[in-house]
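Student: I should like to learn how the features of a protein model are read. Could the tutor guide me through one?

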Amino acid sequence: TALLAVEAVGKGERQLKAMQEISFLAARVVGTKTSRLDTGGGGSMCLWVGDRVSLEDLLYGTMLESGNDAALAVAEAISGSVSDFVSGMNTRADELGLNRTVFASPNGRDPHKFFPTLCDGPVGFEQSIDLRPGCAQYSTARDLALLADFALSKELFKKIVGTVNWQTTNWVDDLGFSLDKPLTNRNEWLPGHPLGNTYRGAYGVKTGTSDNAGRCLVSAAERSGVDLVAVVMGGTLMNPSRRYADSRAILDFAFSRSIPWPSRLAVSANRLPSGNIAQLNLS
């Protein structure tokens, strides 16, 4: 979602300071609100119907606060309608070679919940796509790594996801009053994050949580000229810190074996009929 908006700005098709009026659809995406202090549940920028907010503030609200409402507002600002924007998301995914990715919404909220207990035996993620048509959007670790790597080549995107704190500057409520709201990035790894759970060299990218996907984290870090992206998906909802621990293990492992100059890696894998790897050869 952020990538499409950043690309539209880069092409001159949209302006960061352009104001977007918040629709009923965007404002109510996380539930009916009774006051401006009520998020309605889930990640929200706390947008209100009739508010006018700049595309810039909406992008920071999407990527820092995981604003489901902000993501829909971004979609409407770029394409006019959510359905047209989602179509553009899938077209762009195909162009980027994300051949195991399908989007159904700009904010990743599940159209339906998938419950493995309804099926016979243990069900893996890829099987769930085939067994449960309700899983209308999905991706893979490979595709998210490719997407993050490409998006980080855009300076504006990299700047946004690496920002810890942002103060909205162009937000006018439905009565015409200016709103100044502090936004804090939910990615605890960034330097200077108030929670202090930082990772050396981290500069992005995004947390994500849903009932189907579990707790996910796409992270990026750079040390001594070595730049890495790690993807963790399906973390247990009961342990919020697990995705950080797993990502730390992955990145530490890679950094300890990395070579900060051009090299070639050959990989071959022999798989069992079940799909599990029987033998992995690296050279």
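Student: How should R142 be described, as buried or exposed or partly exposed?

Tutor: Buried means under 20% relative accessible area, exposed over 50%, and partly exposed in between, with a 1.4 Å probe and protein chains only. R142 has 46% relative accessibility and therefore counts as partly exposed. D143, by contrast, is buried, with a relative accessible area of 0%. The side chains of R142 and D143 meet in a salt bridge of 2.6 Å, N to O.

Student: On what basis are such values given?

Tutor: This is a predicted model, in which local features need pLDDT of at least 70 and side-chain atom pairs count only at pLDDT 80 or more, while totals for chains, interfaces and linings use all residues. Residues are numbered from 1 along each chain as its sequence is written, and side-chain values use heavy atoms, with hydrogens and water left out.

Student: What is a salt bridge, and how many does the structure hold?

Tutor: Side chains of opposite charge can pair when their charged atoms come close. The criterion is a side-chain nitrogen of Lys or Arg within 4 Å of a carboxyl oxygen of Asp or Glu. The structure holds five salt bridges. One of them joins R92 to E7, with the closest N and O atoms 2.8 Å apart. This pair links distant parts of the chain, 85 residues apart: R92 lies in helix 5 (residues 82–95) and E7 in helix 1 (residues 2–10). R92 is buried at a relative accessible area of 17%, and E7 also counts as buried, at 11%. E7, R92 and E95 are linked in a network of salt bridges.

Student: Which residue meets E56 in a salt bridge?

Tutor: The partner of E56 is K17, at 2.5 Å from N to O. Here too the pair links distant parts of the chain, 39 residues apart, with E56 in helix 3 (residues 55–63) and K17 in the loop between helix 1 and strand 1 (19–21). E56 is buried, its relative accessible area being 9%.

Student: How many helices and strands are there in the protein chain?

Tutor: Helices (H or I, at least four residues) and strands (E, at least two) are DSSP runs, numbered from the N terminus. The protein chain has nine helices and 10 strands. S54, for instance, is placed in strand 2 (residues 52–54), and A269 in strand 9 (residues 267–271).

Student: Which residues are in contact with S54 and with A269, leaving aside neighbours within four places in sequence?

Tutor: Contact means heavy atoms within 4.5 Å. With those neighbours left aside, S54 is in contact with L16, K17, A18, M19 and N170. S54 is buried, with a relative accessible area of 0%. On the same terms, A269 is in contact with Q279 and L280. The C-alpha atoms of A269 and Q279 are separated by 5.7 Å, the two residues being 10 apart along the chain. A269 is partly exposed, at 38% relative accessible area.

Student: Which residues have the most contacts inside the largest nonpolar core?

Tutor: A nonpolar core is a set of buried Ala, Val, Leu, Ile, Met, Phe, Trp, Tyr and Cys residues joined through side-chain atoms within 4.5 Å. The largest has 46 residues, and those with the most contacts inside it are I22, M45, L47, L58 and F157. A second, separate core of 11 residues includes W189, Y199, V226 and F255. Of the 283 residues of the protein chain, 41% count as buried.
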